[in-house]
Amino acid sequence: MDKCGVCGGDNTACRVVSGVFKHALMKVGYHKIVEIPVGATKINITEMIKSRNYLALRSRSGRSIVNGNWAIDRPGKYEGVGTMFTYRRPNEISSTAGESFLAEGPTNEILEVYMIYQQPNPGVQYEFILPQENLINPQIPPDRRPGNNLNGQLGLEDDSRPSEGDYDNPHGSRVPENQGPVVQPPRRQREHNWKQIGTTECSLTCGRGSRYMVFGCVHRLSHEEVPDSQCDSSTRPTAEEQPCNVQPCPAFWDIGEWSECSKTCGLGMQHRQVLCRQVYANRTLTVQTSRCQHLEKPETTSTCQLKICSEWQIRTEWSTCSVPCGVGQRSREVRCVSNVGDFVNDEECNMKLRPNDVENCDMGTCAKSWFFTEWGSRCSADCGVGVRTRSVLCMTNHITSLPLEGCGHERPLETTACNNGPCESRVQWFTGSWNQCSAECGNGTQQREVVCLQKSADGFMVLPPSDCASLERPLSQQTCQLKACGAKWYHTEWSTCSKTCEEGFRVREVRCLSDDMVPSDRCEPQLRPEERETCNPEPCVPEIDENCRDKYFNCNVVVQARLCVYNYYKTACCASCTRVANRQA
């Protein structure tokens, strides 16, 4: 059978009409989607996606079939325009499918489809089948088309007979009247007739049901019931429908489905529609609520909870400020934790209630630090005691992790003693040659030996300087500069260690400065002093908090159940929860 319902057909006796209604609507209320002509079959009207809109049906004559007069009917079967409609509205919580109307047809009146608009239209698909115009139904022989003669096939009763002169002869030609009357065969008397013997049960106990007459075969004279095969089946009367139990059914509360919970977690609200309804003539009508006053009205709102909400948990204290002076930032770890203690995505928690994990910190005005070079490698004296030098200057610090306290008055030493061994004795004011400059580049100092000697036959003898006081004492030290340095590395003292145990780190600031003490990029990279190093590698000794102890014997169960995220268990099983937190950190 093809889609037109024709056995062995080729789908040409009908045509499929389909479309999608996607017009943007603005006004709340009823909006017509499509008109379905008379004779339509296989009707399917489906909302593409679930929404707060509703579909409605009405006949052209104005009779509401489903969801009319601003009353929303329950899903079910509804009769109208000559066919039965199945109204479906999927579960509002577990399904995303929209509502729909299905009917086999055919319709005997124009059907109007409406949308009760309440939110943006997601689209409505419709499809139905119409017979082609001026086509003969293949299931009905051509000689039975409406308006054609039925050639004696109307099903006349056996005791009916044509009038005189209407009989045909065996050869199909009419008998002329001048040949005399035709002798008719004697009429056969019937022995059995059809007779009403009762009615069927009423289809409804209230609200106007229907029942049908029941006919049986009886003897013509005795009226005794005999098997139906004794009567002519072609003369059996048609069972007529009769109304019954026309009294209205009692009104009842029609309860709709619960709406979605207003919250995805935690305590929310859900709603449902409760209408007073009454069944009459196979239709369910909405009536005044006073008719249901004898019944307790069901609740229209209820609390709901899909799951327990996750909560924000602060996992660490604030870190130290990112700068030792000025305005910096500090941070802490904030995680979304489920009701069983697992870390989940932040979207599982209320983002509006999320604690800050980063904030600004002000460490006060920045100060200055002493900057100095490494000690020079040369001693100022070739022999005896001399000095080594370095450059020292005070500059504003820009590093972000040094404990700056200002340069202060204790300037780092620029010279330190050195000794290259004893020198030989000399006579009178003796001036040796200038030794090497204390700095390989830039400003340095150089010295020479100046002693008071006395010459004798045995040689020279060193005398106290006072013995040569009458003589002008030569200079023993002067500044020197072998060449311009170009640029040198300067660095500060090491900062305090970031941790007192278990290996922290400390830092210092390193700068490249020219001879004019301005920043330069000409220092040799391979000579750059380290800016960071590890410190305090020894293990930490845990502090014992006398107030943090387990108050219950089964705290190991609390830890296994991951209940330490709740303040009550965190206090009751303080020691166990603290050990777990330290291991996770």
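**Exercise 1. Work out how β20 and strand β22 (residues 334-337) pair, and over how many bridges.**

Start with the pair itself: β20 and β22 run antiparallel to each other, and 4 bridges hold the pairing. Keep in mind that you're looking at a predicted model. Next, pick one residue and find its partner: Glu 311 has Val 337 of β22 as its bridge partner.

Now zoom out to the sheet. It's an open one of 3 strands, ordered β20-β22-β23, with antiparallel pairing. Last step, the edges: β20 (311-314) and β23 (343-344) each have a single partner strand, so one side of each has no neighbour in the sheet.

**Exercise 2. Find the strand order of the open sheet that contains β15, β17 and β18, and say which strands stand at its edges.**

Read off the order to begin with: β15-β17-β18, 3 strands, antiparallel pairing. The edge strands are β15 (252-255) and β18 (283-286); each has just a single partner strand, so one side of each is left without a neighbour in the sheet. How much are neighbouring strands turned against each other here? On average by 50 degrees, ignoring direction.

Then check one pairing up close. Strand β17 (residues 274-280) is joined to β18 by 4 bridges, and the two run antiparallel. For a landmark, look at Tyr 280, which sits opposite Arg 283 in β18.

**Exercise 3. Describe the disulfide of Cys 276 and Cys 292, from its sulfur atoms to its surroundings.**

The distance comes first: the sulfur atoms are 2.0 Å apart, and the two cysteines form a disulfide. The torsion about the S-S bond is about 85 degrees, so this link is right-handed. Then place both ends: Cys 276 is in strand β17, while Cys 292 is in the loop between β18 and β19 (301-304), so the disulfide ties together parts 16 residues apart in sequence. That brings you back to the β17 of Exercise 2, the strand joined to β18.

Buried or exposed? Take Cys 276: with 2% relative accessibility, Cys 276 counts as buried because the cut-off for that is under 20%. Cys 292, at 0%, counts as buried too.

**Exercise 4. Locate the two ends of the Cys 202 to Cys 244 disulfide and decide how accessible each one is.**

For context, the whole structure holds 15 disulfides. In the one we want, Cys 202 is joined to Cys 244 with an S to S distance of 1.9 Å. The link is right-handed, with 90 degrees about the S-S bond. It connects distant parts of the chain: Cys 202 is in the loop between β11 (192-199) and β12 (209-219), Cys 244 is in strand β14 (residues 241-244), and 42 residues separate them.

Now the accessibility. Cys 202 has a relative accessible area of 23% and is partly exposed, whereas Cys 244, at 5%, is buried.

**Exercise 5. Do the same for Cys 321 and Cys 361: bond, handedness, location, burial.**

These two form a disulfide with sulfur atoms 1.9 Å apart. The S-S torsion of Cys 321 and Cys 361 is about 85 degrees, so you can call it right-handed. Cys 321 is in the loop between β20 and β21 (327-331), and Cys 361 is in strand β24 (residues 358-362); the pair links distant parts of the chain, 40 residues apart.

To finish, check burial. The relative accessible area is 17% for Cys 321, which is buried, and 11% for Cys 361, also buried.

Methods:
Residues numbered from 1 in each chain as written. Predicted model: local features only at pLDDT ≥ 70, side-chain atom pairs only at ≥ 80, totals over all residues. Heavy atoms only, no water. Pairing = 2+ DSSP bridges. Axes fitted to C-alpha atoms, helices over the stretch in contact; angles between N-to-C directions. Disulfide = S-S within 2.5 Å. Buried < 20%, exposed > 50% of the residue type's maximum accessible area, 1.4 Å probe, protein only.
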